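Dear colleague,

I am writing to hand over a structure for your consideration. Please find it below, followed by an account of what was found in it.

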Amino acid sequence: MYMDQQSPSSPSEGQDSPKRPKTTFIPPEDRKNSRFGIASFILSIVTLLGYILLGALGTTMIEPYMTENGPILEPTQETLEAMTTLAAVFILVMIINIVGLALGIVGCFSKTRKRAVAVIATIVNGVVIVTIGALFLFVLSA
């Protein structure tokens, strides 16, 4: 035995163990819901209601100018400005929907919190985005 080598005082000091973050086990019933999941769920409900409201307002605005054969009158300048504002709000609601989807995905990967709300919110946001996209494709192709 060499004199300049020191033996470790405890068995764990001498081992080359990879450094692992210390996480404590939290039983599933004691975990809280993911904050990202809750935020995503709230955004999904807000955007869903926003799309319904925007659809109703858009239909109400354009209905007086449409017949089965196409438009009968040109919309007034005020109506065109209102429709442009409606389109801008629609884009804002779409951005909020995408943010809600991103928050839901982040909430799904939380290891210390419950993920059920995040999964539900991700599904709702995804279904709404796919539905709006399908409606766009349907309207543009017709």
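Residues 82–109 are 96% helix and 0% strand, with the C-alpha atoms at the two ends 41 Å apart. Please note that this is a predicted model. The span 116–140 is 100% helix and 0% strand, and its end C-alpha atoms lie 36 Å apart. Both spans carry an annotation in UniProt: the unreviewed entry places the feature "transmembrane region" at residues 41–62, 82–109 and 116–140.

Turning to the interior, the largest nonpolar core consists of 7 residues, namely Y51, L54, L86, F90, V93, V128 and I132. At least two residues of this core are supplied by each of helix 2 (35–62), helix 3 (77–108) and helix 4 (116–141). Helix 3 gives the largest share, with 3 residues.

One member of this core, V128, may be considered in further detail. When neighbours within four places in sequence are set aside, V128 is in contact with L48, Y51 and N97. Of these contacts, Y51 is itself listed in the core.

A separate point concerns S34, which is located in the loop between helix 1 (11–14) and helix 2. Is S34 buried or exposed? S34 counts as buried because its relative accessibility is 2%, and the cut-off for buried is under 20%. Apart from neighbours within four places in sequence, the residues in contact with S34 are G107, R113 and K114. Among these, G107 falls within the UniProt "transmembrane region" at 82–109.

Yours sincerely

Note on methods
Residues numbered from 1 in each chain as written. Predicted model: local features only at pLDDT ≥ 70, side-chain atom pairs only at ≥ 80, totals over all residues. Heavy atoms only, no water. Core = buried A, V, L, I, M, F, W, Y, C linked by side-chain atoms within 4.5 Å. Buried < 20%, exposed > 50% of the residue type's maximum accessible area, 1.4 Å probe, protein only. Helix = DSSP H or I, 4+ residues; strand = E, 2+ residues; numbered from the N terminus. Contact = heavy atoms within 4.5 Å. UniProt positions renumbered as here; feature names shortened; annotations may be inferred.
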